[in-house]
Amino acid sequence: MSIALRLAWRYLSGRKLRTALTTLAIVFGVMLIFGLNGVLPGMRDAMQRMMLAAIGEVDLTVTSASSAPFPAEVAQRVAEVRGVGAATPVARRTVAMPAKPDYKVTSLVVVGIDPATAYAVRPMPVADGRLLEERDDAPDAAPAAIASRATAEKMGVKVGDAIVLPSASGTTEVTLVGTIDSPAPPGSDELYVPLSLAQEMFALGDRITDVDAVFEATADRTAVERAVKDRLGDAYTIGGIATESTLAAGFDAAAAIFNVLGFFALAMGGFIILNTFRTVVAERRHDIGMLRATGASRRTILGLFLTESLLQGAIGTGLGLLAGWGFAVFVSGVLRGYIQGLMRMEDFGVVFEPQAWVLAVGLGMGVTVLAAVVPARAAARITPLDALRPQIGDVYEKAATRRAWAGLALIVVGAALLFVGSTGAMGLGCVLILVGMSLGAATAVKPITDATSRAIEAVYRSEGGVARANLQRNPGRAGATASAVMISIALVVMIFGMTSSVLGGYGEYAKRTTGTDFLLIPNNLIVSGGAVGAGPELAQRIRATDGIAAVATLRYAPAVVQGMTVQVIGIDPDEYGRIASFRWTEGSSDADLERLNRPGTVIANGNFRGQTGLGKGDTFTMMTPAGKRTFTIVGGGNDYINAKLPTVYVSQDALAELWGVTTDIMVLANAKEGADRAAVRAALEGIARDYPSFALYDSAEWQKVTDNLFAQLRATYTTLALMLAIPSLLALLNTLAIGVLARTREIGMLRAVGATRRQVKRMVVGESLLLASVGVAAGLVAGVPLSVFVVKAITMLGLEFPYVFPWSGMAAAVAIGLAFAGLAAWYPARQAAKLDVIRALRYE
Amino acid sequence: MAIVETKGLTKVYGSGETAVVALDHVDLTLDAGEFVAVMGPSGCGKSTLLNLIGGLDAPTSGTVVIDGREISTLSDDEMTRLRRERIGFVFQFFNLIPVLDASENAALPLVLNGTGAAEARRKAEEWLGRVGLGDRLRARPDQLSGGQQQRVAIARALVSEPALVLADEPTGNLDSKSSEEIASLLRQVSAEWGRAVLMVTHDPRIAAHADRIVFMRDGRVVDDTKIADAASARVAMERVGLL
């Protein structure tokens, strides 16, 4: 082992508490980054599986560019292309399975196949019973289905059993006539039914969702793909089903946010590491002096400290990866139940992609080494003579004033950027303010603690002054600790600001757009993809129910605008306007609803406008199954359910004409004034029973659902805020422990001249409170622009919320600061009070 | 042959009215194998002289020649190399690395010079044997007495076979018995092992082990006397008023 490594290991193992605290700081940041990156890919994969269904082992899949159904004759056109061996039409839909009857699967891919052509494309070896035959596809045939043996076993059904599936008419019962040996793609259970049955179940008319094809054995795959593309034109996509790009983008955004939060945690860890290494350098001045005197070069000294930081980083990162794995397993366990309940999504596991490893290891090691570089370089710069002198002023303090000015300049520039108007400039401004405040923290320690110590001295009359003096004698160390606390507190304020504004805004959306007496929505809250719509008869039955005054429905189809998949929601402007409305923006109002009755008009939600850059009055082209069409935005409005995704609203007539969609995915209903609500509800429940993929809510229940959802989100974010504050607790603890150790002799002297153990304890607690006060004060100041920035950034994405000043966040931040100050002081204060006077006086 | 030669060596701290002359035109020569003690009241410039000769500090004017090389012309890296190869240091507070054992501490200069670990350890243990610590090779500094720690420091100073050993108050932190032992060991370093030893001390009994005593006052050399034994040392000290 090299001398540098040996020294590093022995120094680290010699100071166990400090090493543990410093290591914990790294562990925590790495755990957050690695753990969260381990949860998201699994969730994303499961989501994509759910949305995409399984393509299976075919050479080519054709879908429409807008992901909307298309005429079945396209299969014949594909089959005619030279080089294509066989092509078959497919109608594929993922259905969210109702909880009753319990088939042990949350979702199922129902694949409508043409028995005449399907097996040439995808061989299906029979395991039991028989395959689907052409007679099953006849108009009067009994509904039949086949499934892979594994799926049938999972669902607990066997050949001859009936299976109830959600469909546009409510439910459809099919009989399992056979099982096959071909394995289903991982995480996706498929049930095959005759094409005509699938088209009827999902109200597709004679349209299909895919064409699957295989090539001739000798065909040039690329040439055949190109030939198919040329034959079909731009309206079709070759290769696979279009991914649910919006959700994928959502996951990528979530991953980016979590990485930023993880980086913040590591940055706080960086301050702890910085403090530790500054202390280490101060402690080892004599060692450094001796080493320099005996011939160690500056490079050697730098190398010694960097080796120690590398070792510390490696240990912390290693443990952080381990903790991250545990964290990911825990979080995915917690989220699984929650998300599956919400979306009827497939199971998902913990997946660590290579970039998660690279990010976690790179940042863990990088931040540790980076934080150690400044003290290490300072150590290398110390002349042997300076190092050997018995008492030296802190070299770091010399630069404090210079750094404070630089910090002030950054704060001024950062504050100016807040008012430029662009979100990017505002984000940069926030970062500059945080960096500036960190740079100036050492200088701010004295004035802030001079002010805050008055309160402490009022309580701890005799000890408060000593606590203040102790803190102010090493402003560099106090400043670094306060910076870590500041980041924590700023994040707490930011998160509370975000939740207050966003959840408050969402509540307003919910009230305005779904605040009807009754609501029928799919189990899957996300409207696109897996939801099976209901045919018009559902709404008709509700309309015909006694006591119902008005009904409005929402219909769904996908489309492509500027290469991006968007939702098209079809509403009947007149009936929708009677019982609900949008949360209007861009100067739009209820009057604009009526304009949707004109052809070629849409109302766009904020998310759509944010992502496309289009606004009221603009014209754009949208890819529909009927080809490219031009639309004009006649209003800006958001509804609660679809606010998260880029959405345009068209009239249901337009949706039927251009997309061929006549199924409802949401039904809103208002009761007549004076109607017997309970009776109305009972009648609606009877109807809802026939549509198991739908759930019925009255306004109070719906309110409860949204309140629960918001409460869960609020709890999640509060937990996140608390977790992000943990490094500040470590920073305080680390600094106080270092301070007590460094002042051992002084504490011995104080005890010798009459200080009681209680007084010594109070000095440490007082110091902790003062230290926290600096961080909290700075964090409150830095947190407000951060919270404004986050809300503004969300608004830029199209989710428009009024900013709510985070008073609760401010209060929470102060409470967290005080609580952490007390917690952090507990152990060092106890150690200090327990010191043996004689031994403390002899301590070197 | 002179191992150390200083000419007009001057060190002034500060400037203008606050300037303090720590060393004032000091000329001093030290031959190979010679043991020289530097004595004088606190603040007379003893330690400054040692630091300038060891290249730990730069003179305001004058020259220092070590082993034929004028050190003021050397870069930081060259000076570091010279210290590593030609000069050994012994400090008042031992300055051992607390987390390394005796053998590892003594081997440090060789390890820093790139010598292989086994070879460095072998040489270190050989020197530790010579200074009487052959049985405490694996002991950490906190397991050794003050005298033993200083022996480790002396072994460390000698392990790279330097021409010159600089000792700054090497007995200042030891009891009288250990002080005598360390002084005898330094005597052995010069007389038997042929190194020039320049030692700063306050203690007349320790200085009496040297071949020569240089007396300083207010940054100047006021007396430079060869001594034969403790009695002649006593006479010299009385002459300059130290006793």
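These questions and answers ask how the labels given to parts of a predicted two-chain model are earned.

The model is predicted, so local features need pLDDT of at least 70 and side-chain atom pairs pLDDT 80 or more, while totals for chains, interfaces and linings use all residues. Residues are numbered from 1 along each chain as its sequence is written, chains are lettered from A in the order in which they are written, and side-chain values use heavy atoms, without hydrogens and water.

Q: Why is B:Thr48 called buried?
A: Buried means under 20% relative accessible area, exposed means over 50%, and partly exposed lies in between (1.4 Å probe, protein chains only). B:Thr48 has 11% relative accessibility, so B:Thr48 counts as buried.

Q: What does B:Thr48 touch?
A: Contact means heavy atoms within 4.5 Å. B:Thr48 touches B:Lys11, B:Tyr13, B:Ala22 and B:Leu23, leaving out residues up to four places away in sequence.

Q: What makes helix α1 of chain B largely enclosed by the rest of the structure?
A: Helices are DSSP runs of H or I with at least four residues, strands are runs of E with at least two, and both are numbered from the N terminus. Helix α1 of chain B covers residues 46-53, and seven of its eight residues are buried, so the helix is largely enclosed. Among the buried ones are B:Lys46, B:Asn51 and B:Ile53. B:Gly55 follows the helix, with a positive phi near 75 degrees.

Q: Which residues touch the most other members of the largest nonpolar core?
A: A nonpolar core is a set of buried Ala, Val, Leu, Ile, Met, Phe, Trp, Tyr and Cys residues joined through side-chain atoms within 4.5 Å. The largest one has 186 residues, and B:Ile53 and B:Leu164 touch the most other members. Helix α17 of chain A (residues 475-514) gives the most to this core, 20 residues. Another core, of 48 residues, lies apart from it and includes B:Met199 and B:Phe215.

Q: How do you know that A:Ala203 is partly exposed?
A: Its relative accessibility is 27%, so A:Ala203 counts as partly exposed. A:Ala203 sits in the loop between α6 (195-201) and β10 (207-208) of chain A.

Q: What is the phi of A:Ala203, and what is its sign?
A: Phi of A:Ala203 is near 50 degrees, a positive value in a residue other than glycine. Most residues other than glycine have a negative phi. B:Asp67 also has a positive phi, near 55 degrees. B:Asp67 is in the loop between β4 (61-66) and β5 (69-70) of chain B. Its relative accessible area is 23%, so B:Asp67 is partly exposed.

Q: How many residues are in contact where chain B meets chain A?
A: On the chain B side 26 residues are in contact with 21 residues of chain A. Buried area is the accessible area (1.4 Å probe) that two parts lose on being put together, summed over both. The two chains bury about 2,200 Å², 64% of it on carbon and sulfur atoms. In chain B, B:Leu56, B:Val99 and B:Leu112 lose the most area to chain A, together 24% of what that side buries.

Q: What makes the pair A:Arg6 and B:Glu104 a salt bridge?
A: A salt bridge is a side-chain nitrogen of Lys or Arg within 4 Å of a carboxyl oxygen of Asp or Glu. For A:Arg6 and B:Glu104 the N to O distance is 3.1 Å, so the pair fits that rule. The pair crosses between chains, from helix α1 (residues 3-14) of chain A to helix α3 of chain B. Both residues are buried. B:Glu104 also forms a salt bridge with A:Arg10, at 2.4 Å. The rule finds four salt bridges across this interface.

Q: Where do A:Glu575 and A:Arg543 lie, and how far apart are their closest N and O atoms?
A: Their closest N and O atoms are 2.9 Å apart, in a salt bridge. A:Glu575 is in helix α19 (residues 573-579) and A:Arg543 in helix α18 (residues 536-543) of chain A, 32 residues apart. A:Glu575 has 9% relative accessibility, so A:Glu575 counts as buried. A:Arg543 has 38%, so A:Arg543 is partly exposed.
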